[in-house]
Amino acid sequence: MRRRLAPYLLVLPGGLWLLLFFVVPMVTMLSLSLQEGDIVNGYVLTGHWQTYTDAIVNYRTQIVRSLIYGAVATVLLIAAAFPVAYWIAFHGGRRKASYLFLLLLPFFVSFVLRTISWRYILTDEGILLGPLKDAGLLADSFHLLGTPVAVILGLVYNFLPFMVLPIYVALERIDPRVVEAARDLYASPLLAFRTVVFPLALPGVFAGVLMTFVPASSDYVNSAVLGSSSTTMIGQVIQSQYLVSSNYPTASALSFTLMAVLLVGVFAYARALGTEDVMKVAAR
């Protein structure tokens, strides 16, 4: 009897945690999205699905913009993270743990503080643009703050470890002798990377995309600190509807809409990549 109950008892703490802090809030938010009323007179559950239609129509620009920013940031993250993870995995030697620690060290600081520091870096007279303007390499009117570039750069910086670590884990599992065998068969370094290293690293890339695209698309801190009114993301709208306007039904509807769109995007990505093939590679 104890053996039969043991698996369920082991799952019970995590299950209760998810029930209390995920399922209950989600059900509450779903109920709020279907209510009508205001903060003064209260809200009543009426099954008002029109809230979803109105929210999508009114804020479709911010939803699309958030998905574009998230997708661009994810692509840049792959391009930036893969070389770092590759070098640590194959050339880090005994200091791999130290290099990973140095990579993670800045992220012991608050997310908000790191984003604010980027604001000082990207300001017109900051340490990045100031010297370039003084040297005449950039026009005085050139600026980055308040542009999509600044927001995307902030997203890339803040979510970089979430892409590096899973790719590193996948690369760490590759036997160097496999790469050497490809070179012995007269494969060029580029061909060996394309046909051996990258396919074996796909599980890490797959996990990294899942860990970065979803939070990057729903982020609101970077767009609020580094952006402007023309770079507003849907996370800012949801935050404003909840905490400023107290328009809970619209905020809840937007949250569920964003969640649905992200889930569709993730499943489409998994299907296009071939999840079964990725898992087979990971199991080798």
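Which helix is Thr-51 found in? Keep that in mind while you get oriented; we'll get there shortly. One thing up front: this is a predicted model.

**The whole chain**

Start with everything in cartoon. You should find 13 helices and two strands. Line the view up with the principal axes and the C-alpha trace spans about 75 × 75 × 35 Å. Colour by accessibility, and 38% of the 284 residues come out as buried. If you like contact maps, take the contacts between residues at least 6 apart in sequence: 69% of them join residues at least 24 apart.

**The two strands**

Now select residues 35-38 and 42-45. These are β1 and β2, an antiparallel pair joined by four bridges. The hairpin that takes you from β1 to β2 uses three residues. For the pairing register, click Gly-37 and look across to Tyr-43, its bridge partner in β2. Then click Gln-35, which stands opposite Leu-45.

Stay on Gln-35 and show its side chain. This residue belongs to strand β1. Is Gln-35 buried or exposed? It is buried, because its relative accessible area is just 13%, and the cut-off for buried is under 20%. Its side chain makes a polar contact of 3.0 Å with the side chain of Ser-31. Expand the selection to contacts, skipping anything within four places in sequence, and you pick up Tyr-43, Val-44, Leu-45, Thr-46 and Pro-249. Leave Pro-249 highlighted for the next stop.

**Thr-51**

Here is the residue from the opening: Thr-51 is found in helix α2. Thr-51 counts as buried because its relative accessibility is 9%. With neighbours within four places set aside, the contacts of Thr-51 are Ser-33, Pro-249, Thr-250 and Ala-253. So Pro-249 turns up in the contact list of Gln-35 and again in that of Thr-51.

**Down the chain to Ser-246 and α12**

Select Ser-246, in the loop between α11 (234-243) and α12 (248-273). Pull up its backbone torsions: phi is near 55°, a positive value in a residue that isn't glycine. Ser-246 counts as buried, since its relative accessibility is 18%.

Follow α12 along to Met-259, which is found in that helix. Its relative accessibility is 29%, so Met-259 counts as partly exposed. Draw a C-alpha to C-alpha distance from Met-259 to Ser-218: the two are 41 residues apart in sequence and 8.9 Å apart in space.

**Helix α7 and its kink**

Next, select residues 148-172, helix α7. How many ångströms should its 25 residues span at 1.5 Å a residue? The expected figure is 36 Å, and the end C-alpha atoms are 35 Å apart, which agrees. Still, look along the axis: there is a kink of about 50° at Phe-159, shortly before the proline Pro-161.

**The nonpolar cores**

With α7 still on screen, show the largest nonpolar core, a set of 45 residues. Those with the most contacts inside the core are Leu-155, Ile-167, Leu-171, Ile-234 and Leu-254. Several helices supply at least two core residues each, including α1 (2-33), α3 (60-91), α9 (189-218) and α12. The largest share, 10 residues, comes from α7.

Zoom in on Ile-167 for a look at the packing. Not counting residues up to four places away in sequence, Ile-167 touches Ala-81, Phe-82, Ala-85, Gly-204 and Val-205. Apart from the largest core lies another, of nine residues; to find it, select some of its members, such as Trp-118, Leu-122, Leu-145 and Ala-150.

**Last stop: Ala-187**

Finish in the loop between α8 (176-184) and α9, where you'll find Ala-187. Ala-187 is a buried residue because its relative accessibility is 13%. Outside the window of four places either way in sequence, Ala-187 touches Ala-182 and Ala-192. For a final distance, run a line from the C-alpha of Ala-187 to that of Gly-136: the two residues are 51 apart along the chain, and the atoms are separated by 46 Å.

How values were computed. Residues are numbered from 1 along each chain as its sequence is written. This is a predicted model: local features need pLDDT of at least 70, side-chain atom pairs count only at pLDDT 80 or more; totals for chains, interfaces and linings use all residues. Side-chain values use heavy atoms; hydrogens and water are left out. Buried means under 20% relative accessible area, exposed over 50%, partly exposed in between (1.4 Å probe, protein chains only). Two strands pair if DSSP finds at least two bridges between them. The expected span of a helix is 1.5 Å times one less than its number of residues. The bend at a residue is the angle between axes fitted to the seven residues ending there and the seven starting there. A nonpolar core is a set of buried Ala, Val, Leu, Ile, Met, Phe, Trp, Tyr and Cys residues joined through side-chain atoms within 4.5 Å. Contact means heavy atoms within 4.5 Å. A polar contact is a pair of N or O atoms within 3.5 Å; within protein, one must be able to donate a hydrogen and the other to accept it, and residues adjacent in sequence count only if both atoms are side-chain atoms.
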